[in-house]
Structure formats: C-alpha cells, structure tokens
Amino acid sequence: GSSAVAYSQAITGLAAGTTYYYCAIASNAAGTGLGTVMSFTTVAAPSVTTSAATSVTNNAATLNGSANPNLGTATGWFRYSTTQPASCNDAFGTRAPAVGGTALGSGNTAVPLAMPISSLTAGTTYYFCVLASSPVGTSVGTVLSFTTAATPVATTTAATAVTSTGATLNGSGDPN
C-alpha cells in the first residue's frame with residue numbers, strides 16, 4: 001500500500017520512575033525506515049522530604065515538608081507523636097489532617113506542604129514526618145523533632161523593706 005498504517009505494541013514489566021526511549025521501525029523489500037526517537041517516563045511513587053517545623057510556640061507548631069508526585073496524582077499528610085518511632089510510617093502518633101490530605105497534583109516537581117497543628121503540650125518534644133501517596137505507592141520522609149516552649153516558672157518570695165506606707169515585693173521568673 002501507499003498510505004500509513006498505524007500499529008502499536010503494549011509492553012509490560014517496566015520499572016517505575018524510569019525513562020524509556022523508543023522509535024517506530026518499518027521495513028519492506030526496498031529497505032528499513034526508522035521513526036524519530038521519543039521517550040516516556042513511567043510513573044513512580046512520590047518522593048518526599050521532611051523539613052524543620054516552624055512557628056513553634058508552647059502549644060502549636062507548623063509541620064513542613066515537600067513531595068514530588070512523580071507523575072502520579074498524589075496526596076500528602078503528616079504524622080506526629082511525643083514517642084519517637086523507629087522510622088516514619090502511617091501508623092504512629094496522630095495524623096494531620098485526620099483524614100484526606102493536601103492534593104499535590106500529578107506533576108514532576110516538588111510541592112511544599114505545611115500543616116499547622118495545635119493543642120500541644122508545653123515543654124514537650126514532638127517527632128514528625130511527611131508522607132505522600134499515589135496509585136503507585138506511599139512514600140515516607142525522615143523523622144524530625146521539635147520542642148514546644150515551656151511555660152514560664154514564677155516564684156514569689158517574701159516582701160522586704162516593709163514600712164507603714166510601702167513595701168518591696170520580690171520574686172523571680174524563669175522564661176523557659
């Protein structure tokens with residue numbers, strides 16, 4: 001024939017997150033024709049990075065991280081606890097948010113995540129990490145920690161220089 005005929009070949013067993021190159025080849029009695037070399041990258045589980053907590057007060061903090069969806073539609077969230085886990089996983093501590101997560105899209109660049117948390121205990125060390133999931137799989141970040149500010153300690157001591165019209169009040173404070 002003298003017109004183009006479309007053809008395709010499904011392939012399996014490819015590695016996730018890998019770039020593959022291919023070209024179409026056609027041949028007849030007159031020779032072999034080669035198409036333009038093209039490429040595609042297979043979808044991979046998200047890549048995640050846990051970053052330092054910010055805006056830490058005595059009862060709140062903002063957890064930070066980033067995730068690259070690696071071409072799969074991904075969602076990100078955090079886990080935190082006062083007990084240090086052996087590694088980040090989706091079973092330890094409290095999930096933030098409690099359900100769902102932050103939509104990360106399906107691109108191929110890192111997307112920042114930030115999650116404010118509250119009702120924390122003053123003067124306490126918290127451990128946290130970022131997680132992200134896509135249809136290809138779930139990835140976990142490294143575990144980092146922060147310590148909430150401790151409540152100040154005030155001590156009242158006896159008044160001195162007491163007279164009939166005045167006194168010096170005394171005390172001390174540790175701002176922690």
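Let's start at Asn64, whose side chain reaches the backbone oxygen of Thr62 at 3.3 Å. Keep in mind that this is a predicted model. Asn64 is found in strand β6, which covers residues 61-68. With a relative accessible area of 14%, Asn64 falls under the 20% cut-off, so it counts as buried. Its surroundings fit that picture: setting aside residues up to four places away in sequence, Asn64 touches Thr50, Ser51, Ala52, Ala53 and Thr54, along with Phe78, Leu113, Ala114 and Phe128.

Now hop over to the cysteines. The count of disulfides comes to 1, and the partners are Cys88 and Cys129, with their sulfur atoms 2.0 Å apart. The link between Cys88 and Cys129 is right-handed, with 70 degrees about the S-S bond. Cys88 sits in the loop between β7 and β8, while Cys129 belongs to strand β11 (residues 125-134), so the bond ties together parts that are 41 residues apart in sequence.

How buried or exposed are the two ends? Cys88 is buried, at 7% relative accessible area, and Cys129 is buried too, at 0%. Cys23, by contrast, counts as partly exposed, with 31% relative accessibility.

Stay with Cys88 a little longer. The loop that holds it runs between β7 (74-81) and β8 (94-96). Leaving out neighbours within four places in sequence, Cys88 is in contact with Cys129, Val130 and Leu131, and also with Val140, Gly141 and Val143. Thr102 is another story: 14 residues separate Cys88 from Thr102 in sequence, and their C-alpha atoms are 18 Å apart in space.

Key. Residues are numbered from 1 along each chain as its sequence is written. This is a predicted model: local features need pLDDT of at least 70, side-chain atom pairs count only at pLDDT 80 or more; totals for chains, interfaces and linings use all residues. Side-chain values use heavy atoms; hydrogens and water are left out. Helices (H or I, at least four residues) and strands (E, at least two) are DSSP runs, numbered from the N terminus. Buried means under 20% relative accessible area, exposed over 50%, partly exposed in between (1.4 Å probe, protein chains only). Contact means heavy atoms within 4.5 Å. A polar contact is a pair of N or O atoms within 3.5 Å; within protein, one must be able to donate a hydrogen and the other to accept it, and residues adjacent in sequence count only if both atoms are side-chain atoms. A disulfide is a pair of cysteine sulfur atoms within 2.5 Å.
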